[in-house]
Amino acid sequence: MDNGMKSTSIKDTTKTERIQLIKQWEEEDGYEDNGLELMEYFRDYIDGKKEIREINAEFHADYAVEE
């Protein structure tokens with residue numbers, strides 16, 4: 001199923017591509033102005049340690065526990 005989007009999986013990207021993706025999200029979604037540091041938030045993804053979905057799942061689990 002090709003929806004025209006390139007895979008963001010670690011195995012399908014280089015570190016440089018992962019950095020560019022996160023920078024693109026910061027610019028498109030205005031994160032650079034709201035204090036959320038996506039580059040730090042997604043550091044394990046950029047470094048090839050965890051997929052985006054894993055990082056997001058951990059965040060949601062932590063958020064639900066704190067509520």
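**A tour of the salt bridges**

Select Lys6 to begin: Lys6 is exposed, with a relative accessible area of 52% (exposed means over 50%, buried under 20% and partly exposed in between, with a 1.4 Å probe and protein chains only). This is a predicted model, in which local features need pLDDT of at least 70 and side-chain atom pairs count only at pLDDT 80 or more, while totals for chains, interfaces and linings use all residues. Residues are numbered from 1 along each chain as its sequence is written, and side-chain values use heavy atoms, with hydrogens and water left out.

Next add Glu17, whose side chain meets that of Lys6 in a salt bridge at 3.6 Å, N to O (a side-chain nitrogen of Lys or Arg within 4 Å of a carboxyl oxygen of Asp or Glu). The pair links distant parts of the chain, 11 residues apart, with Glu17 in helix H1 (residues 15-29) and Lys6 in the segment before H1; helices are DSSP runs of H or I with at least four residues, numbered from the N terminus. Glu17 is partly exposed, at 34%.

Move on to Arg43, which forms a salt bridge with Glu40, their closest N and O atoms being 3.3 Å apart; Arg43 is partly exposed at 28%, whereas Glu40 counts as exposed at 51%.

Then select Asp44, Lys50 and Glu58 together, since a network of salt bridges links them. Within it, the closest N and O atoms of Lys50 and Asp44 are 3.7 Å apart, and both residues are partly exposed, Lys50 at 23% and Asp44 at 26%.

Finally, colour the chain by pLDDT, the predictor's confidence in each residue from 0 to 100: the mean is 82, with helix H3 (residues 43-46) highest at 97.

Definitions and conventions: Helix = DSSP H or I, 4+ residues; strand = E, 2+ residues; numbered from the N terminus.
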